[in-house]
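Trainee: I should like a close look at the salt bridges of this structure. Please describe where the partners sit along the chain and how far they are from solvent exposure or burial.

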Amino acid sequence: MRHTPLPNTLFIKNRAKIAQKLAPNSIAIFHSNDIMPTSADGTMPFVQHSDIYYLTGIAQEETILVLFPDAIEEKYREILFVRQTDEHIAIWEGEKYSQEAATAQSGISTVLWTKDFEGLLPTLVFQAENIYLNTNEHLRQSNEVETRDARFISFCKKTFPLHTYKRLAPLMMEVRACKEKEEIDTIAAACKITEKGFRRLLGFVKEGVMEYEIEAELLHEFIRNGSRGFAYEPIIASGANACVLHYVSNNKPCRAGDLLLLDVGAEYAGYASDMTRCIPVSGRFSDRQKAVYNAVLRVKNEAKKMLRVGTLIADYQKEVGKLMTSELIGLGLLKKHEVEQEDPKNPLYRRYFMHGTSHFLGINVHDYGFFHKKVEAGMVFTVEPGIYIREEGIGVRLENDIVVLENGYQDLMGDIPIEVEEIEDLMNA
């Protein structure tokens with residue numbers, strides 16, 4: 001473990017929140033992710049299911065959590081199953097959680113080995129009326145392989161056909177959207193590491209540097225500060241590459257006179273940060289680049305103020321669209337009379353700003369939360385407007401992470417350089 005462990009009091013609070021939402025006499029079962037194969041004997045790095053991590057703090061494969069608040073025996077009201085370790089595993093794979101260590105990390109008293117799960121399951125299930133199971137209901141999800149959750153759903157329905165089955169995903173969406181202080185502090189720590197990486201780059205980027213060299217500089221700084229690395233696939237996009245929203249090849253040289261778009265963020269203690277900055281490869285913005293950049297910056301600064309308690313994201317996006325439309329007219333990219341006649345369902349600003357302004361942030365980069373419900377205090381969002389002018393080879397996106405407060409917001413990236421003059425000064429120091 002590279003980071004300071006999060007306190008188990010966080011996971012105890014998180015479990016209490018989800019337990020309160022279960023119907024009476026219900027059991028809820030959470031599984032870790034699979035280890036995914038590559039080819040031959042290779043595997044992808046293991047990534048824990050974010051729900052298991054949120055509820056236990058355990059980032060280890062073959063982990064199962066059972067919550068049964070109304071269980072007859074108190075010891076079965078919370079059960080954590082972890083992979084049994086032994087001397088052979090310790091030699092070949094390294095240290096795994098002992099039962100005592102799993103209790104210390106999660107705050108769960110009853111810790112059993114994963115191999116004992118199926119034997120105990122009928123005893124628990126036959127006491128319950130409802131079984132809550134997990135599926136991925138994120139709006140952006142695209143599962144092309146059968147998950148451990150999907151296999152367990154099939155197993156349960158075949159083995160216990162007469163129980164009532166309920167969905168965990170909506171409950172997890174609700175409780176995970178508003179962050180505890182410990183979570184916000186952890187995201188802030190990830191943002192601070194991202195800042196260190198960005199500042200490192202300001203003295204490194206120059207004509208001829210390859211995009212992947214910049215990626216390597218960031219990764220070096222992230223890991224040396226206790227991060228596991230990037231929270232998501234980094235976008236290091238120079239020149240016209242910045243107009244490709246999900247450009248991840250990162251294999252082109254940076255050319256004099258171009259802008260470099262950096263959409264990157266460090267992970268820390270299982271939580272993500274998400275930052276976008278644009279810097280001039282030559283150390284100075286051209287007049288046109290500066291005009292586009294400052295237009296995006298003005299929209300971002302105003303948008304931060306609009307994400308407040310009680311706001312609907314759909315209404316927020318419309319207002320951001322109005323701001324962007326005004327800026328695009330000022331840049332000569334849209335004409336006022338055309339905007340007055342536009343189709344409200346297909347506003348003209350989307351020619352140059354085609355993505356949403358904000359998404360939830362937390363353990364997942366695109367974290368849990370309902371976009372059709374009103375914003376609440378404690379939610380963490382990105383704010384990331386952009387302008388992409390393909391015919392000019394200019395793409396500018398600027399992104400900070402903010403926490404919504406009862407009155408206003410907290411910008412977790414407020415110390416990361418963003419003003420034109422500051423960036424130019426740092427690049428030419």
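**Salt bridges across the chain**

Mentor: In this predicted model, Arg83 is buried, its relative accessible area being 14%. The side chain of Arg83 joins that of Glu93 in a salt bridge, with an N to O distance of 2.9 Å. This pair links distant parts of the chain: Arg83 belongs to the loop between strand 3 (78-82) and helix 3, while Glu93 belongs to helix 3, 10 residues apart. Glu93, in contrast to its buried partner, is partly exposed, with a relative accessible area of 45%.

Helix 3 (87-93) also borders the loop that holds Lys96, which runs to helix 4 (99-106). Lys96 forms a salt bridge with Glu61, and their closest N and O atoms are 2.8 Å apart. Glu61 is placed in the loop between helix 2 (50-56) and strand 2 (64-67), so the pair ties together parts that are 35 residues apart in sequence. Here both partners, Glu61 and Lys96, are buried.

A further salt bridge is formed by the side chains of Lys17 and Glu180, at 3.1 Å from N to O. Lys17 is part of helix 1 (residues 8-19), whereas Glu180 is in the loop between helix 7 (169-177) and helix 8 (181-202); the contact therefore ties together parts that are 163 residues apart in sequence. Glu180 is partly exposed, at a relative accessible area of 21%. Through salt bridges with shared partners, Lys17 and Glu180 are joined with Lys13 and Glu182 into one network. The pairs described here are among the 31 salt bridges that the structure holds.

Key:
Residues numbered from 1 in each chain as written. Predicted model: local features only at pLDDT ≥ 70, side-chain atom pairs only at ≥ 80, totals over all residues. Heavy atoms only, no water. Salt bridge = Lys/Arg side-chain N within 4 Å of Asp/Glu carboxyl O. Helix = DSSP H or I, 4+ residues; strand = E, 2+ residues; numbered from the N terminus. Buried < 20%, exposed > 50% of the residue type's maximum accessible area, 1.4 Å probe, protein only.
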